[in-house]
Amino acid sequence: MKQQKTFSTTGSIGKSFLWLLPMTLLIVLFTTGGKFSFDDKVSLVAFLISFIFFNWLFFMILYKGRTDRYRAAGFIILALFFALTFIVNLIQSRGSMTFSNETLLACEIPFCHIVTTMVILPLIFTGSIIFPGQITGGFAPIAGMLVIVLGVMLALGRGFCSWGCFYGGWDDATSRILKKPVIKKVNPAFRWAAFAVLIIVVIMSAISLGPTYCDWLCPFKAVTEFEKVTSTIILMKTIVFVSLFASLVIILPVLTKKRIQCTTFCPMGALCSLSNKINVFDVRIDREKCSSCMKCTTVCPTLSLEKSDVEKGRPAMTCMKCGKCIDSCTKNAINYHIKGTPVGKNLTAARMLFIFPAFTLLVIFTAGTMQQGIILLVKLFTTGSLF
Amino acid sequence: MKRLLTIPAYLWAIACLLLIPVTFIGNESFAGQMAKLKFMKVNPVYTGGEITDSVNEPDLDTYIYKPVFEALIGESKEGFVQVKFSSPSDTLPEIITKTIDYNLDDSNDFILEVNTATGKTIVTSMNPLVEDVNISSRLKNEWVVRVGLKNLLK
């Protein structure tokens, strides 16, 4: 059944263009970094491609009244280009994707947002950060990343996991490979698994005064950086993270069409779920419009909607605000919502107020990475080498 | 009452709209402010801690760090002391042999022998609290050695 017109911009080219204008200004700001100078023609082309791409995405979100498919296009590009540019930068600066004792002793490991979960408890008890990174300066310094994590969690709650996380695009992509899932039913109780991982990781990190998840479990080391194999323990760690990447980021998302890594294994996802409680945006189901077809429960990539949630009129706190359930609802019963306002009213305002900061976040994270990625790909096709 | 609630709700949502660009545009400044907070420092387990003594010679500078016995609460049973060698001429001698008094009690605690070409490092303990080498690694133009220690107080 075709979706009915829901938002004032849906199907209206004029209104969509009008609402696009402020976003275009933000896209210009964040794709140029505030200065219009390009080193060469390739940089200019990379800028133009990303500029047109983001404007097109946002226009389509407005014009079509659909969110997820356009969000996912940008989000997946973010993950792929982030991995490409990060690895190329590492190889250029260090000669390989591995880090050694020298990198650790120099405290030059970039601080990733997932580490936030592991530093909180030791910070309280020891008054220091248990991570070998730079507080300020360098690439991804600790203070800079903590500011981003705080700002984004306050503004979007777990929306971060669908609009800004530079890893989430991996299992978002793999979960879209098959048209229909091979494993049709995943127990919704698994949505709480990430909280168990969070608790274990927090305790282990506090006891060992080391970022346990990064050290042993993080599957995304496979597409960023990892310890040089110099001992049996490091070899074991390598086997663990490669296996986790293969199973949680590739195989299971393909088979289930769910974002298994983000849903069941990411401690940062669990922390962001908690921040959903203090965040102003949520997703609500208008029970008067809902026909209880339960389509939303089958499409939700994070197992955040089951029958009881639909009956309650809201997804679980693990909702990533990706918009998939909203797009799938043929009755337009599901929508972004601002807490404290009536459900099912002012749908355009609620959607706009969420989509604007969320899409801005996507642009901020993706713009530079995408341009650098395009430059690298051009280099690869013209010279045969990325370096 | 419900209607009244909608006003702060929308205001809060509008504030979130601004929060994202502000977080990134002002990131450097906010991070700089955050870095000034007392707890914004990297744990000595990673940095090696504070330098407590240094010996400067024509061809080699030796820096001895405060022993690190970090634990979540109190001190751990085992820790390490970091020793760093650097050369004023930026070229480290191939063989470094140094006697170290890590606790500054005027009695030598261990002898450190480092081959900077091969990385082979030997610790000869002269104090029962001194254990073996934990890490021995080049660090740009310097060389860092961490020697395991037992905690006297545990």
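**Notebook: chain B and the domains of chain A**

I began with a hairpin in chain B, where E6(B) and E7(B) are joined with five residues between them, and I noted that B:Gly119 in the turn has a positive phi of about 90°. The elements named here are DSSP runs numbered from the N terminus, with helices (H or I) of at least four residues and strands (E) of at least two.

Before going on I recorded that this is a predicted model, in which local features need pLDDT of at least 70 and side-chain atom pairs count only at pLDDT 80 or more, while totals for chains, interfaces and linings use all residues. Residues are numbered from 1 along each chain as its sequence is written, and chains are lettered from A and ligands numbered from 1 in the order in which they are written.

**Entry: the strands around E6(B)**

I looked up the pairing of E6(B), residues 110-115, taking two strands as paired if DSSP finds at least two bridges between them. Strand E5 (residues 95-100) of chain B pairs with E6(B) in the antiparallel sense over six bridges, and E6(B) is also joined by five bridges to strand E7 (residues 121-125), again running antiparallel. I followed B:Leu112 to both sides: its bridge partner in E5(B) is B:Lys98, and in E7(B) the partner is B:Val123. I then checked the two faces of E6(B), and found B:Phe110, B:Leu112 and B:Val114 on the covered face, with B:Ile111, B:Glu113 and B:Asn115 on the uncovered one.

**Entry: chain B as a whole**

I listed three helices and nine strands in chain B, and the order along the sequence places the three helices ahead of the nine strands, as α-α-α-β-β-β-β-β-β-β-β-β. Chain B is more spread out than a compact globule, because its radius of gyration, taken over C-alpha atoms, is 24 Å, well over the 15 Å that the globule rule (2.2 Å times the number of residues to the power 0.38) gives for 154 residues. Its C-alpha atoms fill a box of roughly 75 × 40 × 25 Å along the principal axes. Buried residues, meaning those with 20 or more other C-beta atoms within 10 Å of their own, with C-beta atoms placed from the backbone, make up 27% of the chain.

I also looked up the division of chain B, which gives domain 1 (2-35) and domain 2 (44-150), with bounds from an automatic or database domain assignment. The centres of these two domains, taken over C-alpha atoms, are separated by 47 Å.

**Entry: where chain B meets chain A**

I counted two residues as in contact if their C-beta atoms, placed from the backbone, lie within 7 Å. On that basis 38 residues of chain B are in contact with 43 residues of chain A. The elements giving two or more residues to this side of chain B are helices H1 (2-25), H2 (27-35) and H3 (44-47) and strand E8 (130-139), and H1(B) provides the largest share, 15 residues.

**Entry: two domains of chain A**

For chain A I noted domain 1 (8-75 + 346-387), domain 2 (97-279) and domain 3 (280-343). The C-alpha centres of domains 1 and 2 of chain A lie 26 Å apart, and their contact takes eight residues from domain 1 and 11 residues from domain 2. On the domain 1 side, helix H3 (68-94) and helix H17 (347-383) of chain A each supply at least two residues, and H17(A) gives the most, with five residues.

Definitions and conventions: A residue is buried if 20 or more other C-beta atoms lie within 10 Å of its own, exposed if 12 or fewer, and partly exposed in between; C-beta atoms are placed from the backbone.
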